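The following exercises are meant for a reader who is meeting this structure for the first time. Please look over the sequence and the structure, and then work through each task with its solution.

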Amino acid sequence: MTHTLDIPPPPFVGHRDPLDGPKYVMLSENNSVAGGPQHPPLRPPPYRRSLHAYLSQRRSTKTGNCCRSCLCCFCCFLLVFIVLVAALLLYLRFTFDPQVPSYKVEHFDVEAFNIQPSNSIVSMKFAITVRAVNPNKKIGIRYREGSSVLIGYKGARLGSGRLPIFYQRPRNTTKMVVAIKGRSKVGAARQSALFGNQQAGDVPLHVSVKAPLGLAVGQTELVKVKVHIDCTLVVDSLAPGKKVTIKSTDYNVDVKL
């Protein structure tokens, strides 16, 4: 009796014939295997920003926030400063009742005055006595360094000087002597007009004073102000050694913080 053994064929080793069939699967329109179970369609991955763009946006946001914060702090500081200054001025106004000092030219002495007709150059030296009145009851006035006194004739500058540096007590009257000297060219037209004014006994002069002042209560200086004084005066003569008569004066005093 003969037995037949069914031996399975050995596994394939080596090259497979391409005609044996495709090694891929077909997908349908809904991305499922043809003839197999149905699946939901595939979607593309969500958009992702790059790290560089993300960090750049964060830095830009931080910079904008920092600028806005600085601007807000500055505005708050400015507002507080304005409120404090306004409160201080109101306190001074109603507590101390500050008043503008008054000034008057009392004496005008001509120590030297010479005109050279050949070149219209004027050399002069004046001594002007000014009476300064402080009408305030509690506020003293400090005349600080940096003042200027200019004297001119018909727009031409003749000489200059400075106010003395001193402290004027409340309700005080002080007389100060201001020395003014200079050398300048006035021109032929002004020279002729000046000779005519001298003969007529009416010489118009313009005096401009700018002075930084400190308003103080006791030894404490509260605020600094600037005083500008414009004075137009008419004298009878500029002859040296002669008593000069002040015929008229006009004053304009302006005080600024």
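**Exercise 1.** How many residues lie between β8 and β9 in their hairpin, and which residue in the turn has a positive phi?

Solution. This is a predicted model, in which local features need pLDDT of at least 70, side-chain atom pairs count only at pLDDT 80 or more, and totals for chains, interfaces and linings use all residues. Residues are numbered from 1 along each chain as its sequence is written, and side-chain values use heavy atoms, with hydrogens and water left out. Begin with the two strands, β8 (residues 203–217) and β9 (residues 220–235), which pair in the antiparallel sense over 15 bridges; pairing requires that DSSP finds at least two bridges between two strands. Next, turn to the link: two residues separate β8 from β9 in the hairpin, and Gly218 in the turn has a positive phi of about 70 degrees.

**Exercise 2.** Which strand is joined to β9 by 10 bridges?

Solution. The partner is strand β10 (residues 246–256), which runs antiparallel to β9. Within this pairing, Ile229 has Val253 in β10 as its bridge partner.

**Exercise 3.** Is Asn197 buried or exposed?

Solution. First locate Asn197, which sits in helix α2 (residues 188–200); helices (H or I, at least four residues) and strands (E, at least two) are DSSP runs, numbered from the N terminus. Asn197 has a relative accessible area of 17% and is therefore buried, a term that means under 20% relative accessible area (1.4 Å probe, protein chains only). Finally, leaving aside residues up to four places away in sequence, Asn197 touches Tyr153, Lys154, Asp202, Val203 and Pro204, where contact means heavy atoms within 4.5 Å.

Notes. Buried means under 20% relative accessible area, exposed over 50%, partly exposed in between (1.4 Å probe, protein chains only).
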